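Subject: Handing over the structure

Hello,

Here is the structure I promised to pass on to you. Please open it beside this message, and then read on for what was found in it.

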Amino acid sequence: MLELKNITAGYGHFTALWDVQLRVARGEAVAVVGPNGAGKTTLMRVISGLIPSRAGELVFEGESLAGRPAHDIVAHGIAHVPEGRRIFPALTVGDNLRMGAFLPAARQAFPESSARVYDLFPALAERQRQRAGSLSGGEQQMLAIGRALMSRPKLILLDEPSMGLAPVMVLRLFDLIRRIREEGYTILVVEQNVRQVLKLVDRAYLLEVGRIKMEGRAHELAEQDFVRKAYVGL
Amino acid sequence: MTPGRLAALALLAALAAAPFVPMAGMRQYVLHVTIQIFIWSFIGGAWSLMGRFGLVSLGHGAFLGLGAYAATLLWNFYGLTPWVGGLVAVALTVGFALVVAYPCSRFRILGHYFALVTLAVGEVVRLLIIAERDWTGGSLGLTLRPARTDASLLAIQYADKRVFYYASLVVWLLGLWVWTLLDRSMARAAMEAIGEDETAAASVGIHVTRFKLGITALSAALTALGGVLYAQYFTYVNPDTLAGIGVSLRIVFAVVLGGMYSLLGPTVGTALTIALSEYLRVIFGVKFIGMAETIYGLLLVLFIIFLPSGIYGSARGLLRRRRTLEASATA
C-alpha cells in the first residue's frame, strides 16, 4: 500500500533521514520505534507532505506522492495525527471533527463518519460543545485521532500517540488503536513506548540516527536481546 | 420578521433618508462626517477580514495608498476614468499584496513577525510616494484634476456631497455583504483552523497557502477600493493620510475598539474614533495636536487587555448570554 524507497530528508543543511526503506501492506499495523532524535517524526512528516524529501521514492497505492503538498496527501487517503496532538484548542470538539472532514468527499460523509467517531470515543460525544482546549490530554489525543478518521483515510499515521499521557490512559489508548485497526484501517505508528506498541503491531522497524537498523515481525523484534535491553527495559 | 432584522431595516431607511432631513445649516458637516465614517468603516471591515484570523497587518496603509494614488495618477496623467482606473488600481494592489504575502506564507512568517513585515511595507509605500515627487507631488500631496462640470459621472466628481453619501453608503453595505458571505463560507472555517495551527490545518487537508493568499487578496482589494473612493471624495491624496504607519494604525485602532470578530464592530469603532477626533478638534482646535492619537493609544491598551472582542463584540456577547440565561430560566 505504502512504499518508501531510499528516502532522504532533512532540515536546511542537516540530514535527518538517510536512505530509508519502508513498506506497509494493506490492513497491516506497522510501528517505527527508536530513541529520541532518530528521525521518527521527520519520517511521518515526509509521508504526510509537511516537509519535502530530498531524494527517494514515496509510492502510495501505485501512485508516486513524493513532493506533493500536505493537503493533497490527505486527499489521497493518508491522515496524519501529528506529534503533540495539535487539535484546534479554541474550537469546540464538534468543530474540530468538522474540520477533519474539510475536503469535499469527506464533508459529504460527515454524518456517518462523525457517528462512527463518537461511537469509538463516547467521551467525545459527551463533550461535543466543549472547547477542545479544555479536554484532558487523553481526550485530546482521542480527538486528534477522531479528527484524522473524519477524512476517511485508508492509512493513518500516528506520531507518538502516548506522549505525555498517564500510564492508565496509555493502556486505554492502545486498546482504542487496536479497535480502529480491527475496523480495517491500515496503521503506521511511531512510538517510544516500545513494549506496548510491539504488542499492537504486526511488524516494526527500528530507526536509529536517521537509518533503518532492523526490521521484522513485532514479536521477533521484541525478543531480540539488543532491542530488549535498549528499549523494552527487560 | 425578527426584531434584529426590523431594526436593521429601520436603520437603513433612516440612513437613506438622512440627506433630506433638515439639519439647520449643519447638513454639509453631518454629511461629511458620515461619509468619512462609511469609508473608514469599510476599510476597517476589509482589515478585519485578515485580522480576525490572526493575520494582523500593520501595513494596510500600503494598500490604501496604492489604490488611491494609482487611480488618481491614471486620471491626472492619462485621463483614464476612475471607473476603469479604480479597477486597475485594485488589480495592482492585489498583485502587490500577493507579492508581499506569498513569501510570508512560504517562509512561515506569522504573528508578530508578520505584523512587523507589514509595518515596514506600509512605510516603504509612503516613502516611495514621497520620493517620486515629480508625479506624486511628494509630501505635499496631489489634487485630482478637476472635471469640467460640477457633476461628472466620467470623472466621478460631484460638488454635491449627497452623491458621495449614497456612494459610500453602498460601498459600506458591500463591505458588510462580503463579510457576511465569508462568515458563512467554508473559507471561514479553514481560516479559523489556519489561525489556530497551520500544521494541523494542513494535516486535515486545508490548502494553507491558497486560503491565506486568498483572504489577503480580498482584504487588499477592498482596502484599495476604499482608497479610490476616498480620493474621489476628497479630490486630494496625501502620503500621510493614505499610507504609512499613522493611517495603518488608525485602521487597527478603530477595529480593535469596535471589535474585529463581529459584523458591525469595525463600524462602531470607526464611528467612535471619528467622533472623538471631531470632538477634540472642535473643543480644543489645534491646541492639542496628537491628543486624539494619545487617547486612542491608551484605549487600545485597555481594550486589548480587558475587552479583546471590542465594545460592540462584548456588548453583543453580553446580550446573547443574558438571553440564553433568560431562556433557560423560563424553560
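One definition will help before the rest: when residues are sorted by class, Ala, Val, Leu, Ile, Met, Phe, Trp, Tyr, Cys and Pro count as nonpolar, Asp, Glu, Lys and Arg as charged, and the others, Gly among them, as polar. Please also keep in mind that this is a predicted model.

With that sorting in hand, let us begin with the second largest cavity, which holds about 70 Å³ of space. Its lining has seven nonpolar, five polar and no charged residues. The residues in question are Met50(B), Ser57(B), Gly59(B), His60(B), Ala62(B), Phe63(B), Val100(B), Ala101(B), Phe114(B), Thr118(B), Val121(B) and Thr216(B). Gly59(B) is on that list, and glycine goes with the polar class. Two or more lining residues come from each of H3, H4 and helix H5 (111-131) of chain B.

Two of those helices also pack against each other. Helix H3 (residues 60-78) and helix H4 (residues 82-106) of chain B meet at an angle of about 145 degrees, and their axes are 8 Å apart. Their crossing is right-handed. On the side of H3(B), the contact is made by Ala62(B), Phe63(B), Leu66(B), Gly67(B), Ala70(B), Ala71(B), Leu74(B) and Trp75(B). H4(B) brings Pro82(B), Gly85(B), Gly86(B), Val88(B), Ala89(B), Leu92(B), Thr93(B), Phe96(B) and Ala97(B). By class, the residues of this contact divide into 13 nonpolar, four polar and no charged. If you select Ala62(B) and Phe63(B), you will find them in this contact and also in the lining of the second largest cavity.

Now for the other spaces. How many cavities of 30 Å³ or more does the structure hold? There are nine of them. The largest cavity contains about 110 Å³ of space. It is lined by 13 residues, and those closest to its centre are Ser41(B), Phe42(B), Gly45(B), Gly175(B) and Leu176(B). Helix H2 (27-51), H7 and helix H13 (265-284) of chain B each supply at least two residues of this lining, and H2(B) gives the most, with five. The lining of the largest cavity has nine nonpolar, four polar and no charged residues.

The largest pocket has a volume of about 1,600 Å³. Of its 43 lining residues, Trp179(B), Leu263(B), Leu264(B), Tyr312(B) and Arg316(B) are the closest to its centre. In chain B, helix H1 (3-17), helix H7 (161-183), helix H8 (186-196) and helix H15 (310-330) each supply at least two residues of the lining. Which helix gives the most to it? That is H15(B), with ten residues. Charged residues do appear here: the pocket lining has 21 nonpolar, eleven polar and eleven charged residues.

Chain A is the place to look for sheets. One is an open sheet of four strands in the order E2-E1-E4-E5, with antiparallel pairing. Strand E2 (14-24) and strand E5 (63-64) are its edge strands, each pairing on one side only. Strand E1 (residues 2-11) and E2(A) are joined by seven bridges in the antiparallel sense. Among the bridge partners, Ala9(A) is matched with Leu17(A), and Glu3(A) with Arg23(A). The hairpin of E1(A) and E2(A) has two residues between the strands, and Gly12(A) takes a positive phi near 55 degrees there.

Another open sheet in chain A has six strands in the order E6-E7-E8-E3-E9-E10, and its pairing is mixed. Its edge strands are strand E6 (78-81) and strand E10 (211-217). Neighbouring strands of this sheet are turned by 15 degrees against each other on average, direction ignored. Strand E3 (residues 29-33) and strand E9 (residues 203-208) run parallel and are joined by four bridges, with Val30(A) opposite Arg203(A).

Helix H1 of chain A lies across E3, E6, strand E7 (155-159), strand E8 (186-191) and E9, running at about 150 degrees to E8(A). Helix H7 (residues 137-149) of chain A packs on this sheet too, touching E6 and E7, and its direction makes about 165 degrees with that of E6(A).

Enjoy exploring, and best wishes!

Technical notes:
Residues are numbered from 1 along each chain as its sequence is written. Chains are lettered from A and ligands numbered from 1 in the order in which they are written. This is a predicted model: local features need pLDDT of at least 70, side-chain atom pairs count only at pLDDT 80 or more; totals for chains, interfaces and linings use all residues. Side-chain values use heavy atoms; hydrogens and water are left out. Two strands pair if DSSP finds at least two bridges between them. On a 1 Å grid over the protein atoms alone, a cavity is a set of points where a 1.4 Å probe fits but cannot get out, and a pocket is an open set with protein on both sides within 12 Å along at least five of seven lines; lining residues have an atom within 4 Å of a point. Grid points are joined across faces, edges and corners, and a volume is the space filled by probe spheres set on the points. Axes are lines fitted to C-alpha atoms, for helices over the stretch in contact, and angles run from 0 to 180 degrees between N-to-C directions. A crossing is left-handed if the near helix is turned anticlockwise from the far one by less than a right angle, and right-handed if clockwise. Contact means heavy atoms within 4.5 Å.
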